[in-house]
Amino acid sequence: MYMQRALELAEQGRGRTAPNPAVGAVIVKDGRIVGEGFHPQAGMPHAEVYALDQAGANAQGADIYVTLEPCSHIGRTPPCARALIAAGIRRAFVAIIDPNPRVSGAGISLLREAGIVVEVGLCQDQAADLIAGFSKHLRSGHPWTIYKAAMTLDGHTATAIGDSRWISCEQSRLRVHRLRNRVEAIMVGIETLLKDDPLLNVRLPGEQTRDPLRVVVDSRLRFPLSAKMLTQDSTAATLIATGCEDSARINALTAAGAEVLLLPTDDAGLVNLPALWDELGRRQIQHLLLEGGSTLATSAWQECLIDELMVFVAPRLVGGCPTRGLFAGSGTTLMADSAMLDDMRHETSGTDLLIRAKVQTCLLD
């Protein structure tokens, strides 16, 4: 129960703490919570510090439940492990060891050397999911990428003429905005922009929100100056990834408020996606939400850049053979060569079914 509360707290920092991970902490004494906190953003105190401040003298002889191993090194803030020792914490329940090899295990060792009982592994799978973006960025320098899509029960993401508003129900669309509020960047392809002219911002009335970076992959630089992203007020920045060196277009888009990122292209003249993911990683993007369309998603899949699928299946039937699916291309010929997914979960979302799964293999032609 206490670790679940720590995980809930940590969620409030997801998408806001880069280059740090999201962390939550709860201090318990005599069967009641006396302090709790989460890491809100890089440069601010860590979760343990907020929890200790709230607990005050009650921290002496108390237990702490923390979603990630307390840090032992001096960065922008002092080491949390030493703060726990100084406060007189009796036991520490740690969900997961820090995946950073430079510090992994050091905080736990410091606590144990000071006589604090440390238990590791409580709710570790949930804790690992919480910091998936941090861990992926550590391993590869790339963001954890979620491909979000909506489709009908018979596999259509749009009708034959391209109409897709709205496949999913209002509750599902609200859920997507909550997801946008917890990522650092959203990405679409230029075809989606030209067709839908989306704002790609966060719209959650009455809730504290922050617009993520909007990334548009536009190999030939067809981005219109009249797009809502450039003409309607928003706190979100717009990044256009292109291989086109048209200086007049670049200057016009820059003057309109966009940032144009010139990247290498492949033999077909399309933006080199691994190079784009490299750049997003350099910008400390840990979580990327890929929202469309199927052509961009297929290219990202073929480069093994997608980590998780989030598919809303609506109780709708379009009929006919789907010409617009989750992915484009010819697909695999043999079922034995199909891409495998892992850790598949499902739940209802209003009238829709939400299916989430992690990518195990990415062999899709």
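Which residue caps the N-terminal end of α11? Asn272 does. The views below come from a predicted model, in which local features need pLDDT of at least 70, side-chain atom pairs count only at pLDDT 80 or more, and totals for chains, interfaces and linings use all residues. Residues are numbered from 1 along each chain as its sequence is written, and side-chain values use heavy atoms, with hydrogens and water left out.

**View 1. Helix α11 and its cap.** Helices (H or I, at least four residues) and strands (E, at least two) are DSSP runs, numbered from the N terminus. Helix α11 spans residues 273–282. A side-chain oxygen of Asn272 lies 2.8 Å from the backbone nitrogen of Ala275. Seven of the 10 helix residues are buried (under 20% relative accessible area; exposed is over 50%, partly exposed in between; 1.4 Å probe, protein chains only). The helix is therefore largely enclosed by the rest of the structure. Among the buried residues are Leu273, Trp277 and Glu279. Gln284 follows α11 and has a positive phi, near 65°.

**View 2. The nine-stranded sheet.** The strands form an open sheet in the order β10-β9-β8-β7-β11-β6-β12-β14-β13, with mixed pairing (two strands pair if DSSP finds at least two bridges between them). At the edges are β10 (259–262) and β13 (341–349), each pairing on one side only. From one strand to the next, the twist averages 20° (axes are lines fitted to C-alpha atoms, for helices over the stretch in contact; angles run from 0 to 180 degrees between N-to-C directions).

**View 3. Strands β6 and β11 with helix α12.** β6 (residues 144–152) and β11 (residues 287–292) pair in the parallel sense over four bridges. Thr145 has Leu288 of β11 as its bridge partner. Helix α12 (residues 294–302) packs on the sheet, touching strands that include β6, β7 and β11 (contact means heavy atoms within 4.5 Å). Its direction makes about 135° with that of β11.

**View 4. Aromatic pairs.** Rings of Phe, Tyr and Trp (its six-membered ring) pair if their centres lie within 6.5 Å; planes under 30 degrees apart count as stacked, over 60 as edge-to-face and the rest as tilted. By this rule there are four aromatic pairs. The Tyr2 and Tyr65 rings have centres 5.3 Å apart and planes at 50°, so the pair is tilted. Tyr2 sits in helix α1 and Tyr65 in strand β3, 63 residues apart. Tyr2 is buried at 18%, and Tyr65 is buried at 11%. Ring pairs link Tyr2, Tyr65 and Phe93 into a cluster.

Terms used
A polar contact is a pair of N or O atoms within 3.5 Å; within protein, one must be able to donate a hydrogen and the other to accept it, and residues adjacent in sequence count only if both atoms are side-chain atoms.
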